[in-house]
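This report describes selected features of one protein structure, moving from the ligand site to a helix and then to individual loop residues. Please keep the sequence and the 3D view at hand while reading.

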Amino acid sequence: MQTLLALNWKMNKTPTEARSWAEELTTKYAPAEGVDLAVLAPALDLSALAANLPAGIAFGGQDVSAHESGAYTGEISAAMLKDAGASCVVVGHSERREYHDESDADVAAKARQAQANGLLPIVCVGENLDVRERGEHVPQTLAQLRGSLEGVGADVVVAYEPVWAIGTGKTATADDAEELAAAIRGALREQYGARAEGIRVLYGGSVKPENIAEICGKPNVNGALVGGASLKVPDVLGMLDALR
Ligand code: PGA
């Protein structure tokens, strides 16, 4: 299966900055065999990415409405993302869960809406520090996963992101990532049977050029969701090189 390097810009880069980033990438980018690259950008940046990214690089949104269309001021529909050229969308990022009170049921509804419009949902799960310290990270994350995949088809990516490792510089060890990725694979088998083997499970949380190869070298880790190190083109190229 192809490794997925998914770049989560979060609320960074204006459309002008997105265009410069894409132009810089175009001058230096050489595809890494076996690696898919996807840029997950603010919705306003998507047309700059559509026009300026090198061929073969996917892009998508960071959130999507659970509704098809209508009176939901401020929301972005899956059909809008699709029409802008997106092929994927992040749902249930811990920052959405925390600051926008998204529940597992909300996340599942968004993932279903994405799939209904031909977008690949990247469903995020992961525990807080207190849960990890109590040693409950495996059952808690699997419960979150089951709730977030309710009624969701197998055409999905799962990102395990322990909240305590996001933007903190504290990376989970590669073995920590594998522990959860293997547990997630088991839960995916229960839900999807043999199709679970084709579902990519990513790790996210302080991934950078120096640690990506070890993390993505684990048998159940099929890529990374990267925040901070996604913003500068040299870091992205460094991660691609590390995966070669
Ligand atoms: P980080 O963010 O790489 O800056 O830790 C990861 C994420 O939140 O997806």
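## Lys10 in its loop

Lys10 sits in the loop that runs between strand 1 (3-8) and helix 1. The model is a predicted one, and in it Lys10 has a phi near 55°, which is a positive value in a residue other than glycine. With a relative accessible area of 22%, Lys10 is partly exposed; the cut-off for a buried residue is under 20%.

## The ligand and its shell

Lys10 is also one of the residues that come nearest to the ligand, a group that further includes His93, Glu161, Gly167 and Ser206, out of 13 residues around the ligand. By class, this shell is made up of 4 nonpolar, 7 polar and 2 charged residues.

Which kinds of protein atom lie 2.7 Å from an oxygen atom of the ligand? In the case of Glu161, the partner is an N or O atom of the side chain, at 2.7 Å from a ligand oxygen, whereas Gly167 offers a polar backbone atom, likewise at 2.7 Å from an oxygen atom of the ligand. A polar backbone atom of Gly228 is found 2.8 Å from a ligand oxygen. Taken on its own, the ligand has 280 Å² of accessible area, and the protein covers 95% of it.

## Helix 1 and its buried side

Helix 1, which spans residues 15-28, has 14 residues and reaches 20 Å from its first C-alpha to its last, close to the 20 Å expected at 1.5 Å a residue. Within helix 1, the residues Ala18, Trp21, Ala22 and Leu25 are buried. These four lie on the same side of helix 1, because they cover an arc of only 95° around the axis. An α-helix has 3.6 residues a turn, so residues three or four places apart point the same way.

The opposite face can be described as well: Thr16 and Thr27 are exposed, and they are carried on the face of helix 1 that is turned away from its buried side.

## Ser206 and Ser230

Ser206, named above among the residues that come nearest to the ligand, belongs to the loop between strand 7 (200-204) and helix 9 (212-216). Its phi is near 60°, a positive value in a residue other than glycine. Is Ser206 buried or exposed? Ser206 is buried, with a relative accessible area of 17%, which lies below the cut-off of 20%.

Ser230 is placed in another loop, the one between strand 8 (223-226) and helix 10 (233-243). At 0% relative accessibility, Ser230 counts as buried, and its side chain reaches the backbone oxygen of Gly227 at 2.6 Å.

## Glu127 and Leu243

Glu127 is found in the loop between strand 5 (120-125) and helix 6 (129-133), where it counts as buried at 0% relative accessibility. The side chain of Glu127 is joined to that of Arg132 by a polar contact of 2.8 Å.

Leu243 has its place in helix 10 and is buried, with a relative accessible area of 18%. How many residues separate Leu243 and Glu214 in sequence? The two are 29 residues apart in sequence, while in space their C-alpha atoms are 9.3 Å apart.

Conventions. Residues are numbered from 1 along each chain as its sequence is written. This is a predicted model: local features need pLDDT of at least 70, side-chain atom pairs count only at pLDDT 80 or more; totals for chains, interfaces and linings use all residues. Side-chain values use heavy atoms; hydrogens and water are left out. A residue is near a molecule or strand if one of its heavy atoms lies within 4 Å of it. A polar contact is a pair of N or O atoms within 3.5 Å; within protein, one must be able to donate a hydrogen and the other to accept it, and residues adjacent in sequence count only if both atoms are side-chain atoms. Accessible areas come from the Shrake-Rupley method with a 1.4 Å probe; for residues, only the protein chains shown count as cover. Ala, Val, Leu, Ile, Met, Phe, Trp, Tyr, Cys and Pro count as nonpolar, Asp, Glu, Lys and Arg as charged, and the others, Gly among them, as polar. Helices (H or I, at least four residues) and strands (E, at least two) are DSSP runs, numbered from the N terminus. The expected span of a helix is 1.5 Å times one less than its number of residues. Buried means under 20% relative accessible area, exposed over 50%, partly exposed in between (1.4 Å probe, protein chains only). The arc is that of the directions from the helix axis to the C-beta atoms.
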